[in-house]
Amino acid sequence: MAGPIRQPIDITKLERYIEHNVPSISTPITLKQFGFGQSNPTYQITDSRSQKFVMRKKPPGNLVSKTAHKVEREYRILKALQNTDVPVPRVYCLCEDDSVLGSPFYIMEFLDGRIVTEPHFPGVSEADRREMWHDAIRTLAKLHRLDPGSIGLEGFGRPSGFYDRQIRTFTALGEAQGKSRDVETGEQVGEVPRMQELVRLFEDKKGRPKDRGVPIHGDYKIDNLVYHKTGPRVIGILDWEMSTIGHPLSDLSNLIVPWTISAFSTTIRNSSPYFAPAPSHFAPGLPTRQQIIQWYAEVAGWDPTPEISWSTAFAMFRDAIIFQGIASRYAVRQASSLEAKNVGEQRRPMAEICWELVKRAQENGRIQSRL
């Protein structure tokens with residue numbers, strides 16, 4: 001929900017820009033800030049006719065990361081998807097002139113729907129729960145079957161070598177983050193468990209998925225979707241900051257994380273008793289992992305089953321490094337809360353899950369080679 005503004009905006013300058021560039025918005029406007037979108041501050045604009053819009057803005061000042069906060073990339077892919085069957089908000093403008101609000105921003109349509117934060121969809125009917133998952137996977141497959149060049153996304157990312165780049169990136173991150181020392185104890189954060197073994201196995205191209213290059217979201221999951229207010233269909237995908245041209249298995253593996261983690265534990269982050277192999281909680285209509293993959297194959301036009309073991313293992317490696325990064329920031333007190341400390345500790349169980357999945361992927365590869 002939108003509430004008080006935490007990062008101030010010069011409304012006079014924004015109104016002046018809107019008057020000259022966005023005829024769909026009638027000034028004067030009022031402004032509120034959403035609680036989500038912390039990486040890129042996100043605001044709700046209400047115009048003089050009570051119509052609502054959304055503004056996403058890069059944070060001002062010197063940024064720690066040179067690759068994050070790319071609102072320009074968000075705008076580019078949203079604009080490219082406007083006339084496709086992938087549901088996204090309509091975009092109205094991109095402003096790259098820092099003199100207006102201090103950093104680039106874009107304005108898009110406000111989607112008046114539901115954002116669900118729990119992937120078992122509490123409070124809906126059995127039929128709606130099943131269809132809400134079905135449409136989430138259908139929507140993802142529609143994105144992945146697009147040809148980047150045909151929608152103006154040439155140069156948006158490299159068309160091949162996605163996992164090579166991911167392995168290099170997260171290996172380098174893991175090595176750097178592990179050297180951080182706690183400001184009070186002097187203890188190093190250290191490598192994630194089995195780091196060297198995992199990297200060596202992921203670098204072996206014999207077990208890798210076939211190289212593919214399609215538009216990917218980068219963080220595709222249920223709480224980045226907007227559903228119709230009453231119906232079980234997706235009306236928009238949000239938060240495209242990590243989008244690129246990459247391997248579709250990256251998005252698919254991210255979406256099925258609740259099943260992946262809950263197969264090992266229902267007490268660690270991103271797990272749920274609803275997704276366990278023998279669930280202690282039951283949500284009627286919740287599809288199985290196998291059903292999700294089948295639905296994806298039906299729309300995407302290819303079957304990820306032979307390669308999904310490798311990609312889900314790599315997704316856990318990626319998450320372990322991300323959690324190690326939080327531990328690293330806690331060590332130097334850039335993130336000082338107890339919650340940050342606890343999240344950082346999740347790198348260990350995530351790495352152990354990754355190791356088990358790698359072993360299973362290796363066995364699956366041996367079975368496939370004998371068939």
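At the N-terminal end of helix α1, D10 acts as a cap, with one of its side-chain oxygens lying 3.2 Å from the backbone nitrogen of T12. This description, like everything that follows, concerns a predicted model.

The helix that begins there, α1, spans residues 11–21, and its buried residues include L14, E15, Y17 and I18. These residues lie on the same side of α1, because the arc they cover around the axis is only 165°. In an α-helix there are 3.6 residues a turn, so residues three or four places apart point the same way. The cover over the buried residues of α1 includes the strands β2, β3, β4 (52–57), β5 (91–95) and β6 (105–109), together with helix α3 (98–101).

Two of these covering strands, β2 and β3, also take part in the strand pairing described next. Strand β2 (residues 30–34) pairs with strand β1 (residues 2–3) in the antiparallel sense over 2 bridges, and within that pairing G3 has Q33 of β2 as its bridge partner. Strand β2 is also joined by 4 bridges to strand β3 (residues 42–46), again in an antiparallel arrangement, where the bridge partner of Q33 is Y43.

Further along the chain, R269 is found in the loop between α8 (257–262) and α9 (289–300). R269 counts as partly exposed because its relative accessibility is 37%. Leaving aside residues up to four places away in sequence, R269 touches I261, F323, E339, V343, Q346 and M350, and with E339 the contact is also a polar one between the two side chains, at 3.4 Å. R269 and P349, although 80 residues apart in sequence, have C-alpha atoms 9.6 Å apart in space.

Note on methods
Residues numbered from 1 in each chain as written. Predicted model: local features only at pLDDT ≥ 70, side-chain atom pairs only at ≥ 80, totals over all residues. Heavy atoms only, no water. Pairing = 2+ DSSP bridges. Buried < 20%, exposed > 50% of the residue type's maximum accessible area, 1.4 Å probe, protein only. Contact = heavy atoms within 4.5 Å. Polar contact = N/O pair within 3.5 Å; in protein donor to acceptor, adjacent residues only side chain to side chain. Arc of directions from axis to C-beta.
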